[in-house]
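Please open the structure in a viewer and keep the sequence at hand. This tour proposes a series of selections and describes what is found at each one.

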Amino acid sequence: MATETFDLVVIGAGPGGYVAAIRAAQLGMKVAVVERRATFGGTCLNVGCIPSKALLQSSHLFEEAGHDLGVHGVKVGPPTLDLAQFMKRKAAVVDATTKGVAFLFKKNKIASFQGIGRIEKAGSVAVLGDDGAVKDTLAAKNILIASGSDVIPLPGVTVDEKKIVSSTGALELTEVPKRLVVVGAGIIGLELGSSTASRRASTTKSPGSSSARSPGRA
Ligand SMILES: Cc1cc2nc3c(=O)[nH]c(=O)nc-3n(C[C@H](O)[C@H](O)[C@H](O)COP(=O)(O)OP(=O)(O)OC[C@H]3O[C@@H](n4cnc5c(N)ncnc54)[C@H](O)[C@@H]3O)c2cc1C
């Protein structure tokens, strides 16, 4: 078990954590990042902005090919959907961007520790494995908590990530649902709803999310 001393230990390698870690290293600090995921980039790069935009772009192209090209004088036959290829491309985009963060960590000499970061006491961060055992202990002059957020469960609703999905499950669906009810008309709900709709599903907003409401926060 290693005990190393860092000027800054960042817990969480999402956009909050990785940008701060890189900037601190560039300013001359000895920096470590503790991330519980196997890859860097947090929600945004792994299960948020990036995969969602990748699917949105593919869905948009699919819709354009089916509806909008004729008006430009571009004649193509009706497109068919290869969802497996949608997902493959999405995975490749995620892989490239998360590896980009790993590259930047290396370039800026940032030490990374895979595991759950737990502040033991002032100036000390333990790195726990999946079994809860302490793998490393890092001495830290400064600690940055950049642990992000998680999906809020609805009371009485079990999210099984198959029929009832969070945004994370919605990005992994292996079939285009015929009907999809999106609870919440924030940016994430609208984006996932619209990309699913473009893939020919019939999308219905929940009664609580009136069309008069403007998109809220992500
Ligand atoms: C589908 C979707 C689409 C989105 N689209 C956009 C968009 O287009 N534009 C936009 O600006 N935002 C978008 N967002 C929001 C964006 O993802 C978040 O705002 C952003 O990820 C927050 O960054 P963060 O670093 O604060 O947290 P996160 O990205 O959540 O990163 C936190 C990291 O900390 C890790 N962590 C947590 N606890 C610990 C611990 N104890 N030890 C070690 N690691 C830990 C987590 O594993 C995670 O990797 C979207 C989100 C979703 C879900």
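The tour begins with the whole chain and then proceeds through its parts.

**The whole chain**

Display the full chain, bearing in mind that the model is predicted. Its secondary structure comes to 6 helices and 8 strands. Followed along the sequence, these elements give the pattern β-α-β-α-α-α-β-β-β-β-α-β-α-β. Along the principal axes, the C-alpha atoms fill a box of roughly 65 × 45 × 30 Å. The chain has 218 residues, of which 27% count as buried. Among contacts with a separation of 6 or more, 62% are made by residues 24 or more positions apart.

**Strand E1 and its two partners**

Select residues 3-11, which are strand E1, together with residues 31-35, which are strand E2. These two strands pair in the parallel sense over 4 bridges, and Val-9 stands opposite Ala-32 in E2. Now add residues 15-26, helix H1: the chain passes from E1 through this helix to E2, in a β-α-β crossover that is right-handed.

Next, add strand E6, residues 134-145. E6 runs parallel to E1, and 8 bridges join the two. Thr-3 stands opposite Thr-137 in E6.

Center the view on Thr-137. Is this residue buried, exposed or partly exposed? Thr-137 is partly exposed, because 16 other C-beta atoms lie within 10 Å, where 20 or more would be needed for a buried residue. The C-alpha atoms of Thr-137 and Glu-4 are 7.1 Å apart in space, although the two residues are 133 residues apart in sequence.

**Two hairpins around strand E5**

Select strand E4 (116-121) and strand E5 (residues 124-128). The two run antiparallel and are joined by 5 bridges; Lys-121 has Ser-124 in E5 as its bridge partner. They form a hairpin with 2 residues between the strands, and Gly-123 in the turn has a positive phi of about 80 degrees.

Move on to E5 and E6, which also pair in the antiparallel sense, over 5 bridges. Here the bridge partner of Leu-128 is Val-134 in E6. This hairpin has 5 residues between its strands, with Gly-132 in the turn at a positive phi of about 85 degrees.

Show the side chains of E5, which alternate along the strand. Val-125 and Val-127 point to one face and are buried, whereas Ser-124, Ala-126 and Leu-128 point to the other and are not.

**Helices H3 and H6**

Select helix H3, residues 49-67. At 1.5 Å a residue, its 19 residues should span 27 Å, and the end C-alpha atoms are 26 Å apart, which agrees. Buried residues in H3 include Ile-50, Ala-54, Leu-55 and Ser-58. The buried residues of this helix pack against H2, helix H4 (83-107) and H6.

Turn to helix H6, residues 187-198. Its 12 residues should span 16 Å at 1.5 Å a residue, and the distance between its end C-alpha atoms, 16 Å, agrees. Among its buried residues are Ile-188, Glu-191, Leu-192 and Ser-195.

**The surroundings of the ligand**

Finally, select the ligand. Which of the 26 residues around it come nearest? They are Gly-12, Gly-14, Gly-16, Gly-42 and Gly-148. H1, E2, helix H2 (42-47), H3 and E4 each give two or more residues to this shell. By type, the residues of the shell divide into 10 nonpolar, 13 polar and 3 charged.

Definitions and conventions. Residues are numbered from 1 along each chain as its sequence is written. This is a predicted model: local features need pLDDT of at least 70, side-chain atom pairs count only at pLDDT 80 or more; totals for chains, interfaces and linings use all residues. Two strands pair if DSSP finds at least two bridges between them. A crossover is right-handed if, with the strands pointing away from the viewer, the path from the first strand over the helix to the second runs clockwise. A residue is near a molecule or strand if its C-beta atom, placed from the backbone, lies within 6 Å of it. Ala, Val, Leu, Ile, Met, Phe, Trp, Tyr, Cys and Pro count as nonpolar, Asp, Glu, Lys and Arg as charged, and the others, Gly among them, as polar. The expected span of a helix is 1.5 Å times one less than its number of residues. A residue is buried if 20 or more other C-beta atoms lie within 10 Å of its own, exposed if 12 or fewer, and partly exposed in between; C-beta atoms are placed from the backbone. Two residues are in contact if their C-beta atoms, placed from the backbone, lie within 7 Å.
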